[in-house]
Amino acid sequence: TLPQYLGQVKDTYKAPSLFQRYGDRGLLLGNPDLLGESSQTVAADLLFRFNKTNEVTTSLFFRELDNAIVPVYDSRGVGRYENSSQAFLTGLESMWRFTGTHVYGNASIDLYDSNVIDSNIKSFNNKKLAGIYHTSLRAQLGWRHGNHDIALTQQVNSDIYIDRSNLVIGEDNIRSGISYKYAHDNLQLGARIKNLTNNQYKDFTNRPAIGRQWLLFLNYSFK
């Protein structure tokens with residue numbers, strides 16, 4: 001099967017959010033001098049469609065960031081968002097999807113490599129971007145029959161740096177989940193459990209993330 005190809009060149013700009021400028025309920029200090037982040041991206045997107053139920057999408061990209069906004073922490077564990085003057089990010093993002101009569105699923109992998117060039121803040125220079133997972137793996141397997149739908153999910157995120165100098169490596173984020181949904185006409189109801197194994201780890205804010213969560217939902221669509 002010949003792949004479908006799409007090339008992209010784009011410029012984007014991201015203004016600092018309010019909590020990045022003024023703090024996030026005590027989790028991070030504010031930085032009112034924060035500058036907006038601009039980026040230039042060159043990307044190649046590929047779609048491999050083997051049949052109507054089986055496809056792979058892949059994206060390769062190179063991104064140059066100016067005034068990249070990153071969360072960093074000092075030796076006291078106090079964090080705030082800061083700008084690094086210039087950074088480069090290379091990435092591979094790929095996802096496989098399949099849909100059968102009753103079974104469906106997907107699996108994806110995201111791999112990033114980064115380098116910060118900053119002559120003003122020496123501890124940033126020639127380091128990897130802080131506050132992002134450089135490796136992410138995700139998978140979902142589901143079963144659907146009639147009005148019933150049940151799915152299992154698994155996610156692994158790793159290679160995250162908490163400080164400018166990459167001396168502090170964040171903990172791996174490993175989460176499992178399960179969900180059940182019953183759908184009939186305009187009505188949906190079900191339950192979802194996030195972080196099924198109650199894995200305790202510190203997230204990108206360098207604080208303990210939420211443990212196991214039990215969620216019940218009921219949706220009705222008016223047409």
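Okay, here's something to hunt for while you look at the structure: which residue in β3 is the bridge partner of A44? Keep that in mind while I set the scene.

One thing up front: this is a predicted model. The protein has 223 residues, and its secondary structure comes to one helix and 10 strands. If you walk along the sequence, you meet a strand, then the helix, and after that it's strands for the rest of the pattern: β-α-β-β-β-β-β-β-β-β-β.

Right, back to the puzzle. The answer is L60, which is the bridge partner of A44 in β3. That pair belongs to a bigger arrangement. Strand β2 covers residues 37–51 and strand β3 covers residues 54–73, and the two pair in the antiparallel sense over 13 bridges. How many residues sit between β2 and β3 in their hairpin? Two.

Now β3 has another partner too. Strand β4, residues 79–99, pairs with β3 over 19 bridges, again in the antiparallel sense. If you want a spot to find on screen, look for A68, which stands opposite S84 in β4. And a handy thing to remember when you stare at strands: in a regular strand, side chains alternate between the two faces of the sheet.

Let's zoom in on one residue, N157. You'll find N157 in strand β7, which runs over residues 148–158. Is N157 buried or exposed? With a relative accessible area of 4%, N157 counts as buried, because the cut-off is under 20%. So who is around it? Skipping the neighbours within four places in sequence, N157 is in contact with Y133, T135, S136, L137, D172, N173 and R175. Pick out S136 from that list, since its side chain and the side chain of N157 are joined by a polar contact of 2.8 Å.

Okay, zooming back out for the whole protein. The C-alpha atoms fill a box of roughly 60 × 45 × 35 Å along the principal axes. Buried residues make up 31% of the protein. The accessible surface comes to about 13500 Å², and 57% of that belongs to carbon and sulfur atoms.

What about contacts along the chain? Take the contacts with a separation of 6 or more: 56% of them come from residues 24 or more positions apart.

Last bit, charges. There are 24 positive and 21 negative side chains, and the centres of those two sets lie 6 Å apart.

That's my tour, thanks for listening!

Notes: Residues are numbered from 1 along each chain as its sequence is written. This is a predicted model: local features need pLDDT of at least 70, side-chain atom pairs count only at pLDDT 80 or more; totals for chains, interfaces and linings use all residues. Side-chain values use heavy atoms; hydrogens and water are left out. Two strands pair if DSSP finds at least two bridges between them. Helices (H or I, at least four residues) and strands (E, at least two) are DSSP runs, numbered from the N terminus. Buried means under 20% relative accessible area, exposed over 50%, partly exposed in between (1.4 Å probe, protein chains only). Contact means heavy atoms within 4.5 Å. Accessible areas come from the Shrake-Rupley method with a 1.4 Å probe; for residues, only the protein chains shown count as cover. Lys and Arg count as positive and Asp and Glu as negative; His and the chain ends are not counted. The place of a charge is taken as NZ of Lys, CZ of Arg, CG of Asp or CD of Glu. A polar contact is a pair of N or O atoms within 3.5 Å; within protein, one must be able to donate a hydrogen and the other to accept it, and residues adjacent in sequence count only if both atoms are side-chain atoms.
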